[in-house]
Amino acid sequence: MRYKLPKEIYDLASFDENIRFKLKTEAALILNAQRIRALSKDPSKFDRYIEERLAIMKKILNSTGSFSLKEGEKIIVDYDGNDVKISFD
């Protein structure tokens, strides 16, 4: 049985405006790729792109595992180490 590290939770308000913009842009790019992936005949080609976006976010956050990114009380990014859910609603 693998031990899971606790999920790190980041609040966008704790970052400066430039970092908030970068994080939200990466999240939007992931969401867009997920939507296109769902309609694609070869969805696996989007996996690498999504992983690259996640790697950028993890580098900005200095995160090594699963994380959530919240804006106010709303979770906009939820990454469990495998799947990522993005919601701007």
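This section describes the salt bridges and the second largest pocket of a predicted model.

A search of the whole structure identified 5 salt bridges. Among them is the pair formed by Lys24 and Glu71, whose closest N and O atoms are 2.9 Å apart. Lys24 belongs to helix α1 and Glu71 to strand β2 (residues 67–71), so this salt bridge ties together parts that are 47 residues apart in sequence. Lys24 is partly exposed, its relative accessibility being 29%. Glu71 likewise falls in the partly exposed class, with a relative accessible area of 36%.

A salt bridge is also found between Arg37 and Asp47, with a separation of 2.7 Å between the closest N and O atoms. Because Arg37 is part of helix α1 and Asp47 part of helix α2, the pair ties together parts that are 10 residues apart in sequence. The relative accessibility of Arg37 is 30%, which places the residue in the partly exposed class. Asp47 is partly exposed as well, at a relative accessible area of 32%.

Within helix α2, the side chains of Arg48 and Glu52 meet in a salt bridge, with an N to O distance of 3.2 Å. These two residues lie 4 positions apart in the helix, a separation of about one helical turn. Arg48 is exposed, with a relative accessibility of 63%, whereas Glu52 is partly exposed at 33%. In general, side chains of opposite charge can pair when their charged atoms come close.

The second largest pocket encloses about 150 Å³ of space. Two elements, α1 (17–39) and α2 (45–61), each give two or more residues to its lining. The largest contribution comes from α2, which supplies 4 residues. The lining is made up of Gln34, Arg37, Asp47, Ile50, Glu51, Leu54, Asn82, Asp83 and Val84. By residue class, the lining comprises 3 nonpolar, 2 polar and 4 charged residues. Both Arg37 and Asp47 are among the lining residues, and these two residues form the salt bridge with a closest N and O separation of 2.7 Å. The pocket lining thus includes both partners of a salt bridge that ties helix α1 to helix α2.

Methods:
Residues are numbered from 1 along each chain as its sequence is written. This is a predicted model: local features need pLDDT of at least 70, side-chain atom pairs count only at pLDDT 80 or more; totals for chains, interfaces and linings use all residues. Side-chain values use heavy atoms; hydrogens and water are left out. On a 1 Å grid over the protein atoms alone, a cavity is a set of points where a 1.4 Å probe fits but cannot get out, and a pocket is an open set with protein on both sides within 12 Å along at least five of seven lines; lining residues have an atom within 4 Å of a point. Grid points are joined across faces, edges and corners, and a volume is the space filled by probe spheres set on the points. Ala, Val, Leu, Ile, Met, Phe, Trp, Tyr, Cys and Pro count as nonpolar, Asp, Glu, Lys and Arg as charged, and the others, Gly among them, as polar. A salt bridge is a side-chain nitrogen of Lys or Arg within 4 Å of a carboxyl oxygen of Asp or Glu. Buried means under 20% relative accessible area, exposed over 50%, partly exposed in between (1.4 Å probe, protein chains only).
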